[in-house]
Each structure stands twice: as structure tokens, then as C-alpha cells.
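Subject: Structure for you to look at

Hello,

Here is the structure I said I would pass on. Please open it beside this message; my notes follow below.

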Amino acid sequence: MGAKTLYDKLWEAHRVREDADGTALIYIDRHLVHEVTSPQAFEGLRLAGRTLWRRDSVLAVPDHNVPTTQRRDGVAGIADPVARIQVETLDRNCTDFAITEFHMDDARQGIVHVIGPEQGATLPGMTVVCGDSHTSTHGAFGALAFGIGTSEVEHVLATQCLIQKKSKNMQVRVEGDIGTGVTAKDLVLAIIGAIGTAGGTGYAIEFAGSAIEALSLEGRMTVCNMAIEAGARAGMIAVDQKTIDYIKGRPFAPGGEQWDAAVEYWRTLVSDEGAEFDRIVTLDAGLIRPQVTWGTSPEMVVAITGVVPDPEAETDSVKQSGMRKALDYMQLMPGTPITDIQLDRVFIGSCTNSRIEDLRAAASVASGRKVAANIKQAMVVPGSGLVKRQAEAEGLDRIFIEAGFEWREPGCSMCLAMNADRLQPGERCASTSNRNFEGRQGGGGRTHLVGPAMAAAAAVAGHFIDIRELDEPV
Amino acid sequence: MEKFSVLNGLVAPLDRPNVDTDAIIPKQYLKSVKRTGFGPNLFDDWRYLDPGEPGQDHSQRRLNPDFVLNQPRYAGAQILLGRENFGCGSSREHAVWALEDAGFRVVIAPGFADIFFNNCFKNGVLPIVLDAEIMDRLFAEVEACEGYRLKVDLEAQSLTTPAGEVIGFEVDEFRKYCLLNGLDDIGLTLQHVDEIRAYEERRRQQAPWLFGAE
Ligand code: SF4
């Protein structure tokens, strides 16, 4: 057969069988599990008297419900009884089914999409699934990674497979040099702005081009993380030397002879020259500026130099009414410069932007500066216990605390506000997370998505500010 | 899973694009370890004026009179009309469990997010994709005519309006078969145990690092 895309290769390598109508059985190499979307799956297994197909493929961690204030008391430290039951249920299921779990008081605990790569549990060429839509993150390693529902979690636990049809191939190319102050988050927000939140529906997206290649693995994870926000279940990036260097020596990564064999295979995980895509979108990296979302969908995004758009200028009536609803919810007037938007809280964290590189970027802005008086709370939540430890070794915690930020324990935190960290109704937040949906960070809360340096700058200024125009610290 | 064959149901319109799963069932209710009981919290933030928490008696909360599904004319609806990108965002299957618990068996929209679409079929809920122009017309008819019902025939892959108009829709063969027969995916997959084992053996030879020491 002719030239293949990266997705074609990953798909074919995992196809157990395929029916004439294209319905296939796909083998799953890595199954990540967290407390929110798994209890009903384990219950289903028990009710049907089924067992786990391959327990060494499963890695579990509680992250969504865990408090970020302290960890000394373990599960008993969760004040909310309903949340506590959910974490206890995960613990019990992992014990009963003999699954490896990083417990709440384990230094390796963290957001499921941070710890997989950090541990080397995510490897190139794998199929990686999790009952969580941001599983696309792991595609940064040349893996086929996507989110699944709870019924599918049960299906993978019981059969190691999923029933699927192949998606279409899309390539998003970002070419050219990235400007100063522009980060992976800005690239992906600009991509979503360009193709829309449903633009990738039905596709697997491969991100490529010189600007993507230039990103670190942390940056690539940020981009793939938000593939789902462009509607694509899976996002991925070809393997290169950086990918291989990142994995080497991680606890779950292969060693010895197996390492060499693995690397040889991993190097083939690129789209062939001349491979055909159903759709190709190209963006010029040089034109992308720091991005800020203004509405209640990630596609509602503009550059920091821009203004809140006017629904009157929108010709599509459904879109126009969506914009009106968003502006009403966000309490914003068309034409308002983005830099005039005043904030109440700042959240730096989530599986999009809570890795060491993100914290370094935010700390470099926070250093020698103070959180503005109008900001009620500015919070930094590392993605994992190991990220936290690394940041502390580098003194980033001191920088944040001196600037007036709170330094928390790892978890999902105010990305979705299932724990105690949340916005109050009407509060406005600059957040490095991935969803600005109504109420996402707390009922009635208003979320603006930005990159980590932009979030730190907003905390210092009290409103959005172009990171490229930040004055020297006094 | 409950079988789905023919449904003649009351239709309710939800006229906004990008209805995300956070809106369908807000996060505080995801703490449940059960599959049932999510119905009263379907569209919770839009449906009630006061904030809600799990375990509360939701019948005592203040309903938002402006939210379309609170209108008496839509009480008991089983078919929901939506707009572009319905079910986007989080993979939470709780969104489908909430719709189903509230009585909805069919959602019709010009486009669905992939994970939500897939989750529907696992729970006996039929998602139907129709062209935006047909959707515009259905929205107009539902709003104009109280008690508007549609007959959904999965076998025939058709919708019938009260005026007798028949609208065809596409559905994946395999999914249709499972839904018509109320089949459990896991049971079907386990019919291929030998093939899975054979694949696993091949894979273990080619890529031994993917397998733990067991
Ligand atoms: S950090 Fe947010 S988006 Fe990521 S897994 Fe947690 S809740 Fe989901």
C-alpha cells in the first residue's frame, strides 16, 4: 500500500478485526482510570461476573475530587462526604481488581494526563484511553489516545478492546517561527478559533509543521490536550528525537535491549511523505499573538490586542444567537478591548498547563511582582506531586508565594470545580485550563482561557495585559 | 440495554448551539457512583434559579420559568431537538444517563460531538443527525404547534411528522442492530476472544515492552 499517515499506522497496528462495514475491534495498550468515570464500570463488571482482561495495562489515580489544601490525612481529608465515597470507591476497586493506583498521599499522584507521560506509562505507538475527554493529550507522544465514556471503560476492562470505526485524517500545520510571548496554548487556541469547536468532529488530527516541531513535549501536550476542544477525539504529533529523549529513563519506560527495539519502532511513527489527508489546515505561526477567550466556547477567542466581537457582524443566525447568549452570560459589551477586562481570580493549573515548563513561565512573570489588589485569589496548582517537588527544588513556590499566589497540592482543582476550589457566581477568572463553558469553574462563574504567562501577568495587572508589553518588575 | 424500535413521542426544542455536557449535567452530580437518578439534574444550571447540590430534594428548588423545558407543554417529552455540536466537551456518560433518566430516548441535531454520540448508543438513546435546514423547519413546527409529536422508526430509519411527512435518517448498521436488539457490546466482543488472544500474541512478539511482567 501507499503512503500512510501517522493515524493510519496507529490504527492498523491495533486492529484486531474489522467487519465489511468498517466496524473494527481495536486493541488498547494503556488504560488510565480516575475516580469519576470508573465506579459504574467496575460495578458493571461485578454485576455481570466478569473479570479484568489485563490488569498490567491499567493505571489508576484519583484527581478530580481531591482537595488541594493538604494531603496529610489522605482520603479522610476530603471534607465532602460524597466526593470521599467516590475516591474510596476507586481505592476499593483497585484493591479488588489488583490494579496499580497512585493514592492521594503518593508523591506520584496528580492529574491523570500529567502522570501518564511523567511515568513513561504513555509511550509512542500505544493506544491510550481514559474515561476523560482530554486523553487526547497523550497523542503528543505519537500515540493514538482518546477519551471514552463509562460503558467503554467497562468494555476495555473486560475485553482490552473497543468497537470503533476509523476516523478521517486531518492535518493541522503551523508553519514558521513563533513570536516572543506566544506559547503552545496560544497556538492551540488560535487553531480552535480557526476551525471551530466542531471543526475536528469525525477526524483524528495530526498537528505538524515547523512551529509544532519546535515545541517541547510539554508544549505538544498542551496542543494535543485541546484537540477535543476542536471536536477531535484524538490529536497527535509525530515522534522525533525530543519525544525519545523525554521518555528515556522514566519508571514505566522500557530499558535495556527492549529500549533499542522500541526506539527503532518509534522512529517509524511519522506520516509518510505524500500521505493523504482528508483535510489540511495551515496556519502561519508568525501571525499568532497571545490569545484570550471572551465567550463560553473555546472557539470564542481573540488576540490580546483585540476587542470583544459584535454579534451584529455575524451573518449566521444560530451563531449570532450563541454569541448573544455568551456575551450576556459573560457580561461583556461588544467592542470592549480585551485589556480592559478586570478579573477577580486567577487559576494556573489543569492538564493543559500545569507541567513544570508552565509553572516556570508563570513564575518568570510573577518574580519580583505582586498580585494586584483587586484579585481575590490567584492559585497555582501543580499537575502532579512530582511536578510540585521539581518546582519547589527550583524555588518556584517561593516566587509564587512572595508574589501573593497560593501554592497548592496537585489535582484538577478549579479546572472543573468538583472539589472546594471554585468561582462564586459572577466572578471572572483568567484560567490556564481548557473549557470556558457556563459554570465550568463554579455556578455563574466566568472563565477566560489563556496561557500560563498571560494568566500570571493578568494576576499582577488585575486585568488582561499583553505579556509582550509587561514593564520590568520594580 | 433497553431495546429501541419505534417511538411516538412529544418533542421539545433546545435552540442553542454547542450544548456541552457540563450544561447537560453539572459536575457536582458526577460524584455519584451510580448510573441512575440524574434526571432531576438534567440541565440543572438552566433549569433551576437556585444552585443545587447532590442529595438535595430538587422538587423544592425554584424552577427557571424562562427555560424552555420547564414549560408545561413540554412535560413528558421524549424527543429533544438540538443544534450544532450537541454534547461537546467532557466525556461524562452521566450526560446521557441524565437525558435518559429524564425520559429522553431520541436527540435530533445537525451535529453531535463524537464521544457523546457514541455514549448515546451504549444506553439505548438514539442520536439522529439531520440537515440544518430540516432542523430549522422542525424547530419552527414544534414551537408553532403545542403537543407536536414525531414518530421515530429505527428499523425503517424514518421520522414521521404530525402532518404525515416522512423524513429519512442515516444510522450505522452495527449500531442499529445493537439498538434494535438491546445488545450488550461486551458480550458481542467476547465472541471474538480467540482473535483478541491471537492479536495479543503477535503484539507481544513485536512489541514486548507493551506488556508488563506477568
Ligand atoms: S484538569 Fe480539568 S480537563 Fe484535565 S482531567 Fe482534570 S478536570 Fe479534566
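Two strands pair if DSSP finds at least two bridges between them; strands (E, at least two residues) are DSSP runs numbered from the N terminus. The model is predicted, so local features need pLDDT of at least 70 and side-chain atom pairs pLDDT 80 or more, while totals for chains, interfaces and linings use all residues. Residues are numbered from 1 along each chain as its sequence is written, chains are lettered from A and ligands numbered from 1 in the order written, and side-chain values use heavy atoms, without hydrogens and water.

Start with β6 (residues 127–130) of chain A. This strand pairs in parallel with β7 (residues 144–147) of chain A over four bridges, where A:Thr127 is matched with A:Leu144. With β3 (residues 30–33) of chain A, β6(A) forms three bridges, also in the parallel sense; here A:Leu32 has A:Cys130 as its bridge partner. In a regular strand the side chains alternate between the two faces of the sheet. In β6(A), A:Thr127 and A:Val129 point one way, and A:Val128 and A:Cys130 the other. All four are buried (under 20% relative accessible area, 1.4 Å probe, protein chains only).

Next, an open sheet of chain A has four parallel strands in the order β11-β10-β9-β12. β11 (234–236) and β12 (279–284) of chain A each have a single partner strand, so one side of each lacks a neighbour in the sheet. Strand β9 (residues 168–175) of chain A pairs with β12(A) over six bridges, and A:Glu175 has A:Asp284 as its bridge partner.

Regards

Notes. Buried means under 20% relative accessible area, exposed over 50%, partly exposed in between (1.4 Å probe, protein chains only).
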